[in-house]
Amino acid sequence: MKRYPFAYDASQSFVQQASDWIADVFYEVLPEVGFEVRDEQIYMAFQLERAFADKKTIFAEAGVGTGKTLVYLLYSIFYARHTRKPAIIACADESLIEQLVKPEGDIAKLAKHLNLTIDARLGKSQDQYLCVKKLGEVRNPNDETQVFQQIYSQLPEFVEKYEALQAFYPYGDRREYAHLNDEQWREINWDTFQDCFVCDKRHRCGQTLSREHYRKSADLIICSHDFYMEHVWTYEGRKREGQLPLLPEHCAVVFDEGHLLENAAQKALTYKLNHEVFEEIIIRLLKGEVRESFALVVEEAISQSEALFKLLRKQSKSVIGSDRKEINYNPLLVREVNRFRDLIATIEDELVFESELYTLDMYQLKIVEEHLEMIQLALALFKQSDQLIAWVMEDTVGLTLVIMPRLVKEVLNERVFTQKMPIVFSSATLSIDGSFDYVADNLGIESYLSFSVPSPHDYENQMKFIAPRLNENFTIADKMQLVVRLLQETEGRALILFPSKEEMRQFKQDILQYDACKDMRFGFEGDQEISYLISAFQNDEQSVLCAVTLWEGLDIPGPSLSNVIIWSLPFPPNDPVFSARRKASQSAFEEVDLPYMLLRLRQGMGRLIRSKDDRGIVAILSLELYENEVVRKKVQEILPNGVEWNETF
């Protein structure tokens, strides 16, 4: 593979030479093969030159259609080759990383038209891989569906045979099981309660083998925000355990849809506690010869854990529109948490003495110590409830306590943004009223570069906007009739965006009653693997895709997406995370609900026009637009220039 497509002079600035060549690409090379020259794209290229030359963080706010992906890919590829370390491209979620490497994606375009060989590999999150242990537990030869038994029978032979593995053989990726819905996948995928240290399939696991593969990328490693943040938070812990970090040393990071990074950072710092898992791990300490007093403390901790989770079940309540249950904080709950913490601290102290007796398996002891340390860190947050966001969830492993710190800016500043390397935030929505300070402050970024360029699209002639006037007496049936009319208008070819899974599920049931749509093909997020659904939607022109998480990043130019129907305004849910943010604000609606909704709405509307040839409709079906003057005015303000507000078709 040729290192650079230009003659490199080692006595001159590499970034300047790369920038000159990239300018030639956009001015001359790409236009010759049919690409449109965009001034906004070229401007962005020169702005990124500063970030790579000075190794600084930059907010690159570029409107839809500026071609920002091609710009940051080119800089990242050649900077990686110059430093001989891969660059990281972190996308908002797993579906978007697949879009970058699809056959018609931007990486393939650059490779083809610039005659480049680009080494781009996917670093997927752990939960995107099959867990052989869980599969073995749930497979049932007598099950009529035979779904899991068939997957088990198709595993590579080396999974069960202990022979030398001669070459990389990828398996177990979520994408390979596109026919499974999300609920089926959760029964067999990796989750946070899997103890990989003691798994006898650990070195024959698809996740482990894939990690070895992507770590060797020469140019790009493409992952999700969640995975990158998981790498950051577990970096020191994995080193202490003698493991490699999730990602190798890298030269630069691009956060595509960077406005979503704070959510990923909070998620990665989240702790999950489960009584059954705690009991299974802590009881390992009793398998050796231990002092009776130590055994009694362990048994007391198990009893206290069980009592605590019984109390949590009583002190929590369901939240409409969320699978998270809100916790009722009170003195009794705090007392039980503190008692559990004290018992864990006692066990940790006793382990120092027990380990010196050499009666415990040292490998098992290390695993237990790490787990106890995690529990202490999590429960310590209860000391300052104003810095804590917590909830409980019910799933296949029972009741789980989830604990999240409210602020992550200090940790991000220390571990990410003080590193001397180029960090690019790329999105169409990064600033608020022209300022990037809000995002920068939330992420702990003290010094940064920034720029904004508008979209080059002619929205006045490309987009029709409809906000049907709904009165206070309208029903779901009325809204369904509007959706049916909109689908008929474009003969399918629509993306329907829902703020919650519950609303999408209800729509899925209701649409069956409408004969006008009986011949339309609908795809619903969660029914199959998401990138498979997106590909099917793009290739089946008259189909309809219904989704909850595709407000950002979905890039489908052409007639397949000619209609974006927004079921209702995407205000944040009433779950514990946003409840905590509301309580911490001076004015919850103005500071939390409205900014979140407007940001997501801008992203959702941006799914329609992806090229200069696209045409279509954006429709918002919301009563709030005519009940709340502030909401209507704010939505009008974010409409692209020239787009008129229509109340009728």
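Buried here means under 20% relative accessible area. Keep that cut-off handy for the exercises below, and remember that the structure is a predicted model.

**Exercise 1. Work out which residues of helix H9 are buried, and what they pack against.**

Step 1: find helix H9, which spans residues 206–214.
Step 2: apply the cut-off. Gly206, Gln207, Leu209, Ser210, Arg211 and Tyr214 come out as buried.
Step 3: look at what surrounds them. The buried residues of H9 pack against strand E3 (120–123), strand E4 (220–224) and helix H10 (225–240).

**Exercise 2. Get a feel for the whole chain: its secondary structure, its compactness and its surface.**

Step 1: count the elements. The protein has 25 helices and 19 strands.
Step 2: check the compactness. The globule rule gives 26 Å for 649 residues and the radius of gyration is 26 Å, so the protein is as compact as a globular protein of that length.
Step 3: draw a box along the principal axes. The C-alpha atoms fill roughly 80 × 75 × 55 Å.
Step 4: look inside. Buried residues account for 55% of the 649. Of the contacts with a separation of 6 or more, 77% are between residues 24 or more positions apart.
Step 5: look outside. About 30000 Å² is exposed, and carbon and sulfur atoms supply 47% of that.
Step 6: place the charges. There are 73 positive and 102 negative ones, and their mean positions lie 1 Å apart.

**Exercise 3. Say whether Lys134 is buried or exposed, and list what it touches.**

Step 1: locate the residue. Lys134 sits in helix H6, residues 132–138.
Step 2: compare with the cut-off. Buried means under 20%, and Lys134 has a relative accessibility of 9%, so it counts as buried.
Step 3: skip the neighbours within four places in sequence and list the contacts. Lys134 touches Arg186, Glu187, Ile188, Asn189, Asp191 and Gln194.
Step 4: try a distance as well. Arg291 is 157 residues from Lys134 along the chain, and their C-alpha atoms are 34 Å apart.

**Exercise 4. Do the burial check for Gln636, then give its distance to Leu625.**

Step 1: Gln636 belongs to helix H25, residues 629–637.
Step 2: its relative accessible area is 37%, so Gln636 is partly exposed.
Step 3: go from C-alpha to C-alpha. Leu625 and Gln636 are 9.7 Å apart in space, with their positions 11 residues apart in sequence.

**Exercise 5. Take two residues with positive phi, Arg84 and Arg493, and describe where each one sits.**

Step 1: start with Arg84. Its phi is near 60°, positive even though the residue isn't glycine.
Step 2: find its loop, which runs between helix H3 (68–83) and strand E2 (87–91). Arg84 is exposed there, at 64% relative accessible area.
Step 3: move on to Arg493. This non-glycine residue has a positive phi of about 50°.
Step 4: its loop lies between helix H19 (476–490) and strand E14 (494–497). Arg493 has 15% relative accessibility and counts as buried.

**Exercise 6. Trace the hairpin around strand E9.**

Step 1: begin with strand E8 (residues 325–327), which pairs antiparallel with strand E9 (residues 388–395) over 2 bridges. Glu326 stands opposite Trp391 of E9.
Step 2: go to the other partner. E9 and strand E10 (residues 398–405) run antiparallel and share 8 bridges. One pair to click on is Asp395 with Gly398 in E10.
Step 3: find the turn. The hairpin from E9 to E10 goes through 2 residues.

**Exercise 7. Lay out the parallel sheet and look at strand E14 within it.**

Step 1: write down the order. The 7 strands of this open sheet run E15-E16-E14-E17-E18-E13-E19, with parallel pairing.
Step 2: mark the edges. Strand E15 (522–524) and strand E19 (645–646) each pair on one side only.
Step 3: take E14 and its partners. E14 pairs in parallel with strand E16 (residues 544–547) over 4 bridges, and in parallel with strand E17 (residues 563–566) over 4 bridges.
Step 4: pick out Leu495. Its bridge partner in E16 is Leu545, while in E17 it stands opposite Val564.
Step 5: sort the side chains. From E14, Ala494 and Ile496 point one way and Leu495 and Leu497 the other, and all are buried.
Step 6: finish with strand E13 (residues 463–466), joined in parallel to strand E18 (residues 616–620) by 4 bridges. There, Met463 has Gly616 of E18 as its bridge partner.

Terms used: Residues are numbered from 1 along each chain as its sequence is written. This is a predicted model: local features need pLDDT of at least 70, side-chain atom pairs count only at pLDDT 80 or more; totals for chains, interfaces and linings use all residues. Side-chain values use heavy atoms; hydrogens and water are left out. The radius of gyration is taken over C-alpha atoms; the globule rule is 2.2 Å times the number of residues to the power 0.38. Buried means under 20% relative accessible area, exposed over 50%, partly exposed in between (1.4 Å probe, protein chains only). Contact means heavy atoms within 4.5 Å. Accessible areas come from the Shrake-Rupley method with a 1.4 Å probe; for residues, only the protein chains shown count as cover. Lys and Arg count as positive and Asp and Glu as negative; His and the chain ends are not counted. The place of a charge is taken as NZ of Lys, CZ of Arg, CG of Asp or CD of Glu. Two strands pair if DSSP finds at least two bridges between them.
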